[in-house]
Amino acid sequence: MQVWSWSGFFDYLTNPYIMEGALTTLWLTAVSIVGGLILGFILALMRLSPRRLVSAPAGAYVWLFRGTPLLVQLIVIYTGLPQLGIRLSVVESALIGLTLNEAAYLAEIVRSGILAVPQGQVRASRALGMREAQIMRYIVMPQALRIIIPPLGNSVNGLLKTTSVTSVISMEELLRRTQVLIQEKFMVLELFAVAAIYYLLITTLWDLVQRRIEARFGRAYQQNGAGAESDQR
Amino acid sequence: MIEIVNVSKWYGNFQVLKDCTTSVAKGEVVVICGPSGSGKSTLIKCVNALEEFQQGSITVDGTSVGDPRTDLPELRARVGMVFQNFELFPHLSILDNLTIAQEKVLGRKRDAAVKKAEQLLERVGLSAHAKKYPLQLSGGQQQRVAIARALAMDPIAMLFDEPTSALDPEMVSEVLDVMVTLAREGMTMMCVTHEMGFARQVASRVIFIDRGEIVDDRPPEQFFGNERSPRAEQFLSKILHH
Ligand SMILES: Nc1ncnc2c1ncn2[C@@H]1O[C@H](COP(=O)(O)OP(=O)(O)OP(=O)(O)O)[C@@H](O)[C@H]1O
Ligand SMILES: [Mg+2]
C-alpha cells in the first residue's frame, strides 16, 4: 500500500485516456436522452390514448423497464440476446439499453406534463378550428415542455451518472476507464478522485445549462414585463 | 345562420338540455341568461360542437353540426368563441396568439396574418402590447385579445360564454364596449351573459334558460318590459339586486 500521491492524482486529472472516457460518458448521455425522449414521447401519447389496445402495450413497457434494474437489462441485451441470434456490439448494447430504460422514465414525465396543460387550452384551440395533431404540436407540447424541463433536467443529471452502469458490459466510459487504470497502477483513491471530479464537473456544467433553459422557457410566464423587453432585443 | 331544433343532451342520466329550440338570424345578437348550472354554457358549446348532443339538430350556416360527416374543425374555424377565462395561449406572444390559427388553420401567409392581427389589436386598443405575453396583461386586456383572436379568423358568427364574469368590475366595460361595437357592426352573436345593460342596448332577443329548458325567448323590450315568465322574473330580481 502506498500513501496518497499528489503527482499521480494530477497526472490522471489530465490523462487523455480518462478524458476520452469522460467524453464517451457525455455522448452516451446525449444520445440516450434524445432517443429516450423521442421514444418516451411516443409512449406517453400511446398511454394517453383512450383505446386500450394502444395504451396497454405502452403501460406494459413502462412497467417492465421501470420495474427491473438497468444492470439486468444491459446484461440481457449484451449477453442474452445472442442466444436468440441477435448479436450487438458493446456500444450498441449500451446505447439501446440506456435509451430503452430512459424512455420508460421520460414517458411518465412527458405524460404528466401533457396532463398538466389545462383542458381549456385544448377547447380554445378546437374553437379556433385547429386539428388534434396541430393542438398537440403548437399548443399542448410547448406548454408541457416548460412543465417537464425541471424533471427532465434531473433525468439528464441522473443519466450522466447512470451511464457508469454500462461499464459492466465493458463499455469504455469514464468509470470503466478509471477501473482499467486502477488495475494497472493500483492508485485507487487518486483515480476515483479524478473520476469523481469529472462527474462533478459535467453535472455542474449541466446545472448551469439547465438553469438557462428554464429561464428561457419561463420568459412568457413572468408577469413583470421582463419577458416582453428581452423579446425586443 | 344558427338553427337549434329540439336539442336534448344528457350527462349520464342527468338531462342538461331539454328540447331546446331557437335560432339566430344573420346580424342578430341573442343574449342567453339563466341561473348557474342551467345549461347556458352547454347550449352554446353545442353550437360549435365543443359538446355533443344526443337529440335534435343544430345547423350553422347550412352545415349540420351533429352530422358525423361534418368536418368539425372546418366548421369551428368559421365560428368564433370567447371564453370566461380568456384561454389565451400563455406561451405565445399576443401577436402570435392572433396569428397561429390564421396560419395553421386558414393557411394564411405570415405577412397577411400579422397585418390582420395588427389591425385587430388596433381595433381593441392594444397595439402597444403585441410583443407581450398574455400573463403580462390585465384580465380586461386579455379578454379583448381573446376577442381579437377570434375575429382574426373572419368568423361568420361569434359565441361568448360569460366573457365578463371573471373580470374585476372596473374592467367589465372595456370588454363590453368592444362587444357593443361588434354588435352594431352587424356581427351575428350568441352571448351568455348576465350583463343586462348590454342586453338592453344591443340584443335582438333575450333567451332565459332554467334547468335545461328555454323558458323565455323574446325581444328585450318584452323581456325587460312585462312579458317575461315568472321564473325569469324571479331570476332577474336576484341578479338586479347586485
Ligand atoms: N362533463 C359534465 N359531466 C356531468 N355534468 C356536467 C358536465 N358539465 C356540466 N355538467 C352539468 O350540466 C349542467 C349545466 O352546466 P353548464 O355549464 O352548461 O351550466 P351554466 O348554465 O353554464 O352554468 P354557469 O352559470 O355556472 O356557467 C350543470 O348542472 C353541470 O353540473
Ligand atoms: Mg357556464
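Visitor: What is the relative accessible area of A:Arg126?

Guide: In this predicted model, local features need pLDDT of at least 70 and side-chain atom pairs pLDDT 80 or more, while totals for chains, interfaces and linings use all residues. Residues are numbered from 1 along each chain as written, chains are lettered from A and ligands numbered from 1 in written order, and side-chain values use heavy atoms, without hydrogens or water. A:Arg126 is classed as partly exposed, a label that lies between buried (under 20% relative accessible area) and exposed (over 50%), with a 1.4 Å probe and protein chains only. The value for A:Arg126 is 24%.

Visitor: With which residue does the side chain of A:Arg126 meet in a salt bridge?

Guide: A salt bridge places a side-chain nitrogen of Lys or Arg within 4 Å of a carboxyl oxygen of Asp or Glu. The N to O distance for A:Arg126 is 2.9 Å. The partner counts as partly exposed because its relative accessibility is 46%. That partner is A:Glu132.

Visitor: Which residue meets A:Glu172 in a salt bridge?

Guide: A:Glu172 counts as partly exposed, because its relative accessibility is 36%. The residue across from A:Glu172 is buried, with a relative accessible area of 11%. Their side chains meet at 2.9 Å, N to O, and the partner is A:Arg177.

Visitor: How many residues apart are B:Glu28 and B:Arg205?

Guide: The side chains of B:Glu28 and B:Arg205 form a salt bridge of 3.0 Å, N to O. B:Glu28 is buried at 18% relative accessible area, and B:Arg205 is buried at 13%. B:Glu28 lies in the loop between β2 and β3 (29-33) of chain B and B:Arg205 in strand β9 (residues 205-210), strands being DSSP E runs of at least two residues and helices H or I runs of at least four, numbered from the N terminus. The pair thus links distant parts of the chain, with a separation of 177 residues.

Visitor: How many salt bridges does a search of the whole structure find over all chains?

Guide: Some salt bridges share partners, and these join B:Asp210, B:Arg211, B:Glu213 and B:Arg231 into one network. Over all chains, the search finds a total of 23.

Visitor: Which backbone nitrogen does the side chain of B:Ser8 reach?

Guide: B:Ser8 is placed in strand β1 (residues 2-11) of chain B. B:Ser8 counts as buried because its relative accessibility is 4%. The side chain of B:Ser8 makes its contact at 3.0 Å, and the backbone nitrogen is that of B:Asp19.

Visitor: At what distance does a backbone N or O atom of B:Gly37 lie from an oxygen atom of ligand 1?

Guide: The surroundings of ligand 1 include B:Tyr11, B:Gly37, B:Ser38 and B:Lys40. A nitrogen atom of ligand 1 is 3.3 Å from a side-chain N or O atom of B:Tyr11. A polar backbone atom of B:Ser38 is 3.2 Å from an oxygen atom of ligand 1. For B:Gly37, the distance from a backbone N or O atom to a ligand oxygen is 2.8 Å.

Visitor: Which element gives the largest share of the shell around ligand 1?

Guide: The shell consists of residues with a heavy atom within 4 Å of the ligand. Elements of chain B that give two or more residues to this shell are β2 (14-24) and α1 (40-47). The largest share, three residues, comes from α1(B).

Visitor: What percentage of the residues of chain A count as buried?

Guide: Chain A has 10 helices and zero strands. Along the principal axes, its C-alpha atoms fill a box of roughly 75 × 55 × 25 Å. Of the 233 residues of chain A, the buried share is 45%.

Definitions and conventions. Polar contact = N/O pair within 3.5 Å; in protein donor to acceptor, adjacent residues only side chain to side chain.
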